[in-house]
Amino acid sequence: MFHKNIKLILAGLLVVAGIWQFTESNIGNGIFLILLTAIPIFLYFKNEFILLAFLKLRKQDFEGAKKWLAYIKNPEAALVRKQQGYFNYLHGIMLSQTNINLAEKHFKKAIELGLSMDMDLAVAKLNLAGVAMSRRRKLEATNLLNEAKKLDKQGMLKEQISMMKEQMKKI
């Protein structure tokens, strides 16, 4: 995996090589190199290992997702801020099955760093509400559930939110 700035340098070199090809009257090569610039720019904003980890999670393959995330050794240097949020979000999802304390830490950091999609933010807040509810922090859990409900615009988490509200009535 490349450092995030190396990807930008590579994109710049491809643009320069494309312009050089234009000056040498190799128009086809120049166009190809300019179009090839899109790959490192795309990978700057969407990390390849995070994308592969999301694909593994869609298939419920937690071990495979952990394997892909393990390739990211230093997330602060290799990822932009939003990608660091998703890095922590994915770790939180995987750890929510085994270690709730560590999952809570990752979800809080993901929310702090920012997530691009409201649905991902709603899932993170729903998981944090579950952790707060398990620790008998009813007020915090209620606030997090209300925030998750506002963020869930498609209604995909409606059932889980109502189920958690029913469980909170028993506390």
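**Asking why of a predicted model**

Trainee: What does the side chain of Asn47 reach?

Mentor: The backbone nitrogen of Phe49, at 2.9 Å. Keep in mind that this is a predicted model.

Trainee: What makes that a polar contact?

Mentor: The cut-off is a pair of N or O atoms within 3.5 Å. Asn47 and Phe49 are at 2.9 Å, so the pair falls inside that limit.

Trainee: Where is Asn47 placed?

Mentor: In the loop that links helix H3 (38–45) to helix H4 (48–58).

Trainee: And how do you know whether Asn47 is buried or exposed?

Mentor: Its relative accessible area is 2%. Buried means under 20%, so Asn47 counts as buried.

Trainee: Now Lys153. Why is Lys153 called exposed?

Mentor: Exposed means over 50%. Lys153 has a relative accessible area of 60%, so the label fits. Lys153 sits in the loop between helix H10 (138–151) and H11.

Trainee: Which side chain does the side chain of Lys153 make a polar contact with?

Mentor: That of Asp118, at 2.8 Å. The limit is 3.5 Å, so this one qualifies too. The C-alpha atoms of Lys153 and Val123 are 12 Å apart, with the two positions 30 residues apart along the chain.

Trainee: Why does Ile31 count as partly exposed?

Mentor: Ile31 has 43% relative accessibility. Partly exposed lies between the 20% and 50% limits, so that's where Ile31 lands. Ile31 belongs to helix H2.

Trainee: What makes Ile31 eligible for a nonpolar patch?

Mentor: A patch residue needs over 30% relative accessible area, and Ile31 has 43%, so it passes that cut-off. The patch covers about 590 Å² and is made by Val15, Ile19, Phe22, Ile27, Ile31, Ile34 and Leu35. Helix H1 (4–23) and helix H2 (27–36) each give two or more residues to the patch, and the largest share, 4 residues, is from H2.

Trainee: What does UniProt place at residues 31–55?

Mentor: An unreviewed UniProt entry gives "transmembrane region" there. In the model, that stretch is 88% helix and 0% strand, with its end C-alpha atoms 32 Å apart.

Trainee: How do you know how confident the predictor is about the protein?

Mentor: The mean pLDDT is 90, and 99% of residues reach 70 or more. Among the elements, H2 has the highest mean, 96, while helix H11 (residues 158–169) has the lowest, 84.

Trainee: Why care about low pLDDT?

Mentor: Because predicted coordinates should not be read in detail where pLDDT is low.

Technical notes:
Residues are numbered from 1 along each chain as its sequence is written. This is a predicted model: local features need pLDDT of at least 70, side-chain atom pairs count only at pLDDT 80 or more; totals for chains, interfaces and linings use all residues. Side-chain values use heavy atoms; hydrogens and water are left out. Patches are made of residues with over 30% relative accessible area and no salt bridge: like charges are joined within 9 Å, nonpolar side chains (Val, Leu, Ile, Met, Phe, Trp, Tyr) within 5 Å. Accessible areas come from the Shrake-Rupley method with a 1.4 Å probe; for residues, only the protein chains shown count as cover. A salt bridge is a side-chain nitrogen of Lys or Arg within 4 Å of a carboxyl oxygen of Asp or Glu. Buried means under 20% relative accessible area, exposed over 50%, partly exposed in between (1.4 Å probe, protein chains only). pLDDT is the predictor's confidence in each residue, from 0 to 100. UniProt positions are given in the numbering used here, feature names are shortened, and annotations may be inferred rather than shown by experiment. A polar contact is a pair of N or O atoms within 3.5 Å; within protein, one must be able to donate a hydrogen and the other to accept it, and residues adjacent in sequence count only if both atoms are side-chain atoms.
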